[in-house]
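Let's take a walk through this fold, strand by strand and then contact by contact. Keep the viewer open as you read.

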Amino acid sequence: NYAIGRNNPAVLRVGGGELWDEALRAVFIDWNENANENNSQKYHVVSGAAGTVSAAGGWLASGGLSGTNGMRMFGLGIDQVLHIEMVLPSGKHVRFGPTEWEKQPGKMYAVTTKVTGYCNEGDLSDEDLWDWQ
């Protein structure tokens, strides 16, 4: 699992065009503020400061400087990416991301040593039928 390999206990999946406002409300209000025995941990999202900015668009492409508390305590936004998923102009659905990394002394994050890509051969309209090969 990518998240466990990077010592991240949780993953937030955002889509193209999804605004930070939606992602931040999901974590802060729906999860952190409604803690119970099933979700006793609280999470911090490395995000932009404006809720009107796209979470997976230009903010991420420009490195992802965080406008939230702790600015660079948790690294840049791009440091948090576990994989990228997109539909190419040809209509092919692809996903790629780091699959091997190694910890180096003095570094905050492990250094990626291998990136692997996959193509979805399943039905795009039903995520349960996705078949990554």
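Before we look at who faces whom, one convention: two strands count as paired if DSSP finds at least two bridges between them. Keep in mind, too, that this is a predicted model.

With that in hand, start at the hairpin. β1 and β2 pair in the antiparallel sense, with four bridges between them. One of the matches to look for is V87, whose bridge partner in β2 is H93. Five residues lie between the two strands of this hairpin, and G91 takes a positive phi there, near 95°.

Now move across to the other side of β2. This strand covers residues 93–102 and runs antiparallel to β3, to which eight bridges join it. Two positions help you line the strands up: V94 stands opposite C119 in β3, and F96 has G117 of β3 as its bridge partner.

Put the two pairings together and you get an open sheet of three strands, in the order β1-β2-β3, with antiparallel pairing. β1 (84–87) and β3 (111–119) each have a single partner strand and stand at the edges, so each has one side left without a neighbour in the sheet. On average, neighbouring strands here are turned by 20° against each other, if you ignore direction. As a general reminder, strands of a sheet pair through backbone hydrogen bonds, either parallel or antiparallel.

Next, the charged side chains. Side chains of opposite charge can pair when their charged atoms come close. How many salt bridges does a search of the whole structure find? It turns up five.

One of them ties the sheet to a part of the chain far away in sequence. E85 forms a salt bridge with R13, and their closest N and O atoms are 3.2 Å apart. Because E85 lies in strand β1 while R13 is in the loop between α1 (2–5) and α2 (20–31), the pair ties together parts that are 72 residues apart in sequence. E85 counts as partly exposed, at 28% relative accessibility.

Another bridge has a different kind of setting: D21 and R25 meet through their side chains, at 3.0 Å from N to O. These two are four residues apart in helix α2, which means about one helical turn separates them. D21 is partly exposed, with a relative accessible area of 32%, and R25 is also in the partly exposed class, at 46%.

Then there is the salt bridge between the side chains of E121 and K92, again 3.0 Å from N to O. This pair links distant parts of the chain, 29 residues apart: E121 is in the segment after β3, and K92 in the loop between β1 and β2. E121 is partly exposed at 43% relative accessibility, and K92 is partly exposed too, with a relative accessible area of 30%. Elsewhere, salt bridges that share partners join R13, E85 and E127 into one network.

Finally, have a look at the aromatics. Which residues form the one aromatic pair that a search of the whole structure finds? They are W130 and W132, arranged edge-to-face, with 5.9 Å from centre to centre and 90° between the planes. W132 has another contact to show you: the charged end of R95 sits over its ring, 4.3 Å from the centre. W132 itself is partly exposed, with a relative accessible area of 21%, which puts it just outside the buried class, since buried means under 20%.

Note on methods. Residues numbered from 1 in each chain as written. Predicted model: local features only at pLDDT ≥ 70, side-chain atom pairs only at ≥ 80, totals over all residues. Heavy atoms only, no water. Axes fitted to C-alpha atoms, helices over the stretch in contact; angles between N-to-C directions. Phe/Tyr/Trp six-rings, centres within 6.5 Å; stacked < 30°, edge-to-face > 60°. Buried < 20%, exposed > 50% of the residue type's maximum accessible area, 1.4 Å probe, protein only. Lys NZ or Arg CZ within 6 Å of the ring centre and 35° of its normal. Salt bridge = Lys/Arg side-chain N within 4 Å of Asp/Glu carboxyl O.
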